[in-house]
Each structure stands twice: as structure tokens, then as C-alpha cells.
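Hi,

Here is the structure I said I would pass on. Have a look at it first, and my notes come after it.

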Amino acid sequence: MLQGHFIDTLLETSYRSHNYTAFKVWEYFRGITAPTFFTISGLIFSYLLIRAKQNGTIKKRMHKGIIRGLMLISIGYLLRAPIFEWLMGKFSNYFLVIDVLQCIGLSLILIVCIYKLTLKKTLLFSIIMLLLGLAIFITEPLYRYLELPEVPILISNYLSKANGSIFTIIPWFGYVAFGAFIATLFYRYVERPKFKTAIVSGFFVFGIALIFGSSEVLMRLYYALDISILKEVAYYNYLFTRLGNVLILFSLFYLAENYIKQPLILKIGQKTLSIYVIHFIIIYGSFTGLGLHQLIGKTLEPWQAVIGAVLFLSVVCFISFYYAKTNEFVYSNLQKIIDKIKKYTR
């Protein structure tokens with residue numbers, strides 16, 4: 001994510017061409033970042049939610065999930081707040097566009113609501129999340145160019161890109177739903193002796209099948225059922241293809257689990273929110289309006305962009321390691337503030 005945003009924001013325009021093999025490869029792998037981000041969010045959050053039922057802490061976990069979702073939504077808006085423009089009396093709707101944090105925050109809230117509606121039955125939750133993911137992906141042509149001019153922009157931005165939203169809840173919640181489904185598989189079978197071999201093989205096989213065979217399956221279904229939307233999805237099949245990429249990535253990382261459990265990587269995992277916030281401020285100039293995007297723009301040569309990305313990644317991680325608290329610290333202190341507010345409003 002860090003190198004992707006850095007290079008995308010600062011690489012000189014003339015090098016953004018598929019005539020350059022390096023850019024073509026980089027662009028393809030960059031396209032895997034967001035699907036992985038959303039899928040792993042759904043997987044981890046849902047797994048902890050389901051485990052909480054077993055541990056008898058389900059109410060606390062659900063409450064914490066709602067608070068976490070609301071916090072992510074708030075931070076998402078805050079990072080785009082043009083404070084200095086507001087002070088000068090300039091206001092625009094761009095502050096209301098939806099990005100990754102709002103989308104993930106709302107997704108976490110939706111998972112909690114769906115899990116509660118399924119009466120906390122894991123099997124039912126598993127089936128619903130799988131069907132929901134499939135439904136969101138298959139109906140993509142219906143909302144691809146969705147515009148909702150009559151709906152308040154605060155709400156429509158979660159569903160439509162017409163006003164500049166980068167991410168919308170559909171189709172991205174589809175990846176979260178598939179992640180939640182995978183979480184139920186881990187919960188049900190992780191203790192079995194050959195689970196790791198089976199899941200790694202399954203991820204890899206299904207990943208390859210989705211990348212190279214999902215379009216053909218969709219076309220066969222179209223010929224058999226004569227449902228035109230299946231043909232439209234098959235001809236613009238980026239959602240299932242990217243899910244295939246994610247599954248292959250999962251298989252490789254889970255296979256190498258024992259080799260990547262290094263202290264540095266574990267520490268990065270504890271600082272993901274801090275890293276996201278810090279990198280957003282440095283690149284896009286949150287609050288001040290002065291970031292690398294404004295100061296440098298798309299001016300870097302490829303070699304400058306590569307070296308700059310490495311330095312940028314190092315600086316962001318250094319700041320998050322030594323000058324920012326862990327995600328859990330942020331969440332726990334936010335909860336304390338909310339508890340105090342509740343206490344004084346009773």
C-alpha cells in the first residue's frame with residue numbers, strides 16, 4: 001500500500017504506460033492491494049468475533065466491533081478535512097468522499113449486524129456471507145455506473161462514485177464477506193491435523209481457477225440460464241479475478257507462516273492504523289493541505305520513485321514505531337472516552 005500510493009502519486013505521467021513492462025507488472029500487483037486489504041479485514045475480524053462466542057465474550061466483542069467501525073469512519077472523514085480551507089470560509093463536498101477507512105469501518109459494523117441477525121449461528125453466518133459475496137460480485141454491472149442524485153450525498157457516496165468516492169461499500173464489502181466466510185472455515189477446521197495442507201492447497205487451486213476459469217464458468221452459466229448479467233460480468237471480470245489473486249497470496253503467506261513471524265513484521269501488524277494515518281498525512285497533506293502530492297506532484301523518474309518509495313516506507317514505519325501508539329492502545333482509550341461520556345450523560 002505504501003509504495004503503491006507513493007509511486008502512483010509521484011511517478012511522472014509519461015512513464016504510466018503499458019509500453020513499459022515494469023509499470024505494467026507494478027500496476028497489476030498494485031491492483032491486488034485493496035482486495036487483499038478488505039478480505040483480510042473480514043477474515044480477522046470475523047474470526048475474532050466467532051471465537052468470542054466460544055470464549056463467552058461475544059457481547060463485548062460485538063460492542064467493540066461497532067465502536068471500532070465508527071472510529072474508522074470518523075478517522076476516514078477526519079483525514080480529508082480541509083481545516084485551513086474551512087478557516088478561510090471555503091467549503092466543498094469533497095470532504096464527504098468515501099475512502100478505505102470509511103468502507104472498512106462500515107463493513108465491520110455490517111458484519112456485527114449480520115452475525116447478530118443469524119442468531120450467532122456460525123454455519124448460517126458462513127452461508128450468508130458466501131452468498132452475499134457472490135451476489136455482490138455477480139450484480140456488479142447493475143451498480144457499476146450508479147448515480148443517486150436524489151439521495152443525500154453523505155449516504156450516496158457510500159454507494160456511488162459519481163461524487164468522487166474512491167471506494168464504495170459495493171463491491172468492496174464483497175471481499176469482506178468472502179473474508180468472513182474464510183474465517184468460518186478456520187474456526188471450524190483449524191484444529192484438524194491436515195487443515196493447513198488442505199487450506200493452502202484449496203486457496204491455491206481456487207485462486208488459479210478464479211483467475212483463469214471464472215469468466216468461462218460465467219459464460220457457460222449465461223448460455224445455460226440466459227441471464228444477461230452473467231455475460232456482462234464475464235466480459236469485465238475483475239472482481240473474481242482479483243479474489244483469485246488474493247487466495248493465491250493467502251496460500252503463499254500461510255505456507256510460509258513460520259518464516260514470516262518475525263518481530264518486525266509482527267510490530268508492523270500492531271501499527272497498521274497508525275501507518276495508514278501517517279502515510280496519508282505525508283502524501284496527501286491531511287489537515288494542512290501540504291503533502292508530497294502538492295509539493296512534488298507527478299514529477300519523479302522511475303529510479304527516483306523506487307528509491308523514494310523505499311525511503312518513504314522506512315520513514316513512515318519509523319514514525320509509527322517510535323511516535324505512535326498501537327492500534328489496541330487507540331481502541332482501548334477511545335472506549336474509555338466513550339464510557340466516560342455515557343457515565344456523564346446518564
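Below is what I found, starting with the pockets and moving on to the surface and the salt bridges.

One thing up front: this is a predicted model, so local features are only reported where pLDDT is at least 70, and side-chain atom pairs only at pLDDT 80 or more.

**Pockets**

If you want somewhere to start, go to the largest pocket, which has a volume of about 2600 Å³. It has 49 lining residues, and those closest to the centre are Phe37, Ile40, Ile44, Gly269 and Thr272. Which helix gives the largest share of that lining? That is helix H3, residues 33-55, with 10 residues. In terms of chemistry, the lining of the largest pocket splits into 33 nonpolar, 10 polar and 6 charged residues.

The second largest pocket holds about 970 Å³ of space. Its lining counts 40 residues, with Arg80, Tyr94, Asp99, Phe280 and Tyr284 nearest the centre. By class, that lining has 20 nonpolar, 12 polar and 8 charged residues. Several helices supply at least two residues each to the second pocket's lining, among them H1 (2-10), H2 (21-30), H5 (83-87) and H16 (272-284). H3 is on that list too, so you will meet this helix again after the largest pocket, where it gives 10 lining residues.

**Arg80 and Asp99**

Two of the residues nearest the centre of the second largest pocket, Arg80 and Asp99, also form a salt bridge, with their closest N and O atoms 2.6 Å apart. Arg80 sits in the loop between H4 (58-79) and H5, and Asp99 in the loop between H5 and H6 (100-117), so the pair ties together parts that are 19 residues apart in sequence. Are these two buried or exposed? Both Arg80 and Asp99 are buried.

**The other salt bridges**

The model has 6 salt bridges in total. As a reminder, side chains of opposite charge can pair when their charged atoms come close.

Arg144 pairs with Glu140, and here the closest N and O atoms are 2.7 Å apart. Glu140 has a relative accessibility of 4% and therefore counts as buried, while Arg144, at 25%, counts as partly exposed. Elsewhere, salt bridges with shared partners link Asp8, Arg16 and Arg30 into one network. Within it, the side chains of Arg16 and Asp8 meet at 3.4 Å, N to O. Arg16 is partly exposed at 22% relative accessibility, and Asp8 is partly exposed as well, at 27%.

**Helix H1**

H1 is largely enclosed by the rest of the structure, because 7 of its 9 residues are buried. Those are Leu2, Gly4, His5, Phe6, Ile7, Thr9 and Leu10. H1 also supplies at least two residues to the lining of the second largest pocket.

**A nonpolar patch on the surface**

Finally, look at the surface around H5. Ile83, Phe84, Trp86, Leu87, Met88 and Phe91 make up a nonpolar patch there, with about 680 Å² of accessible area together. Trp86 belongs to helix H5 and is partly exposed, with a relative accessible area of 30%. H5 is also one of the helices that supply at least two residues to the lining of the second largest pocket.

That's everything from my side.

Cheers

Conventions: Residues are numbered from 1 along each chain as its sequence is written. Side-chain values use heavy atoms; hydrogens and water are left out. On a 1 Å grid over the protein atoms alone, a cavity is a set of points where a 1.4 Å probe fits but cannot get out, and a pocket is an open set with protein on both sides within 12 Å along at least five of seven lines; lining residues have an atom within 4 Å of a point. Grid points are joined across faces, edges and corners, and a volume is the space filled by probe spheres set on the points. Helices (H or I, at least four residues) and strands (E, at least two) are DSSP runs, numbered from the N terminus. Ala, Val, Leu, Ile, Met, Phe, Trp, Tyr, Cys and Pro count as nonpolar, Asp, Glu, Lys and Arg as charged, and the others, Gly among them, as polar. Patches are made of residues with over 30% relative accessible area and no salt bridge: like charges are joined within 9 Å, nonpolar side chains (Val, Leu, Ile, Met, Phe, Trp, Tyr) within 5 Å. Accessible areas come from the Shrake-Rupley method with a 1.4 Å probe; for residues, only the protein chains shown count as cover. A salt bridge is a side-chain nitrogen of Lys or Arg within 4 Å of a carboxyl oxygen of Asp or Glu. Buried means under 20% relative accessible area, exposed over 50%, partly exposed in between (1.4 Å probe, protein chains only).
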